[in-house]
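Trainee: I'm new to this one, so could we go through it together, slowly?
Mentor: Gladly; let us bring it up and then settle what one basic word stands for.

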Amino acid sequence: MIDNNLIDTWELLYQVNDKGDQEKPREGTRTLIEFTKNGQVIFNRVDKENSDAVKSRTGKYMLEKQEISITDDAGNTVKWPYQVTGDTLSITMPEVQKKFVWRRFK
């Protein structure tokens, strides 16, 4: 089952650390996440000055669990709970103890 609220490309606005403090994204980068109609997630971090410097990951998402499964840099599958509220997407990444807040990319 697909969550039609997700089918879009989202841009990272900020992250919240384990103490509840907001942190800006890495300077000079744009981080996007795309949810496709076939249940795939495409995660890209692009260097704004060097478009060839792209870090990309793919994974899947499941509406039933409101969860993203993605492979990390070490080849492990991690699970990220998500929540959509209006035009805001929140993804919790337990491995870094942070919550990431996204908006629809325009």
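Mentor: Before we look at any residue, please keep in mind that contact means heavy atoms within 4.5 Å, and that what you see is a predicted model.

Trainee: Okay, so which residues does N17 touch, not counting those up to four places away in sequence?
Mentor: Using that meaning of contact, N17 touches E23, Q97 and K98 once residues up to four places away in sequence are left out.

Trainee: And where does N17 lie?
Mentor: N17 lies in the loop between β1, which covers 8-16, and β2, which covers 22-23.

Trainee: Is N17 buried or exposed?
Mentor: N17 has a relative accessible area of 15%, and because buried means under 20%, that residue counts as buried.

Trainee: What does the side chain of N17 make a polar contact with?
Mentor: The partner is the side chain of E23, and the polar contact between the two side chains is given as 3.0 Å.

Trainee: You also mentioned Q97; where does that one lie?
Mentor: Q97 lies in the loop between β8 (88-93) and β9, and with a relative accessibility of 52% Q97 counts as exposed. Its backbone deserves a look as well, since Q97 has a positive phi of about 55° although Q97 is not a glycine.

Trainee: What about Q66, what is its phi?
Mentor: Q66 has a positive phi of about 45°, and Q66 is not a glycine either. The place of Q66 is in the loop between β5 and β6 (67-71), where Q66 is partly exposed with a relative accessible area of 36%.

Trainee: Let's zoom out. How many helices and strands does the protein chain have?
Mentor: The protein chain has zero helices and nine strands, so reading from the N terminus the elements run β-β-β-β-β-β-β-β-β. The radius of gyration is 13 Å, close to the 13 Å that the globule rule gives for 106 residues, so the chain is as compact as a globular protein of that length.

Trainee: How much of the chain counts as buried?
Mentor: Of the 106 residues, 33% count as buried, while the chain exposes about 6,700 Å², of which carbon and sulfur atoms supply 44%.

Trainee: And the charges, how many positive and negative side chains are there?
Mentor: There are 17 positive and 17 negative side chains, and the centres of the two sets lie 1 Å apart.

Trainee: Switching again: where is A53 found?
Mentor: A53 is found in the loop between β4 (40-47) and β5 (54-62), and at 33% relative accessibility A53 counts as partly exposed. Leaving out residues up to four places away in sequence, A53 touches R45, V46 and D47.

Trainee: How far apart are A53 and Q97 in space?
Mentor: From C-alpha to C-alpha, A53 and Q97 are 26 Å apart in space, with their positions 44 residues apart in sequence.

Trainee: Last one, R103: which strand is its place in?
Mentor: R103 has its place in strand β9, residues 98-104, and R103 is partly exposed, with a relative accessible area of 40%. Setting aside neighbours within four places in sequence, R103 is in contact with T9, W10, E11, L13 and D87. The C-alpha atoms of R103 and T88 are separated by 5.0 Å, although the two residues are 15 residues apart along the chain.

Note on methods. Residues are numbered from 1 along each chain as its sequence is written. This is a predicted model: local features need pLDDT of at least 70, side-chain atom pairs count only at pLDDT 80 or more; totals for chains, interfaces and linings use all residues. Side-chain values use heavy atoms; hydrogens and water are left out. Helices (H or I, at least four residues) and strands (E, at least two) are DSSP runs, numbered from the N terminus. Buried means under 20% relative accessible area, exposed over 50%, partly exposed in between (1.4 Å probe, protein chains only). A polar contact is a pair of N or O atoms within 3.5 Å; within protein, one must be able to donate a hydrogen and the other to accept it, and residues adjacent in sequence count only if both atoms are side-chain atoms. The radius of gyration is taken over C-alpha atoms; the globule rule is 2.2 Å times the number of residues to the power 0.38. Accessible areas come from the Shrake-Rupley method with a 1.4 Å probe; for residues, only the protein chains shown count as cover. Lys and Arg count as positive and Asp and Glu as negative; His and the chain ends are not counted. The place of a charge is taken as NZ of Lys, CZ of Arg, CG of Asp or CD of Glu.
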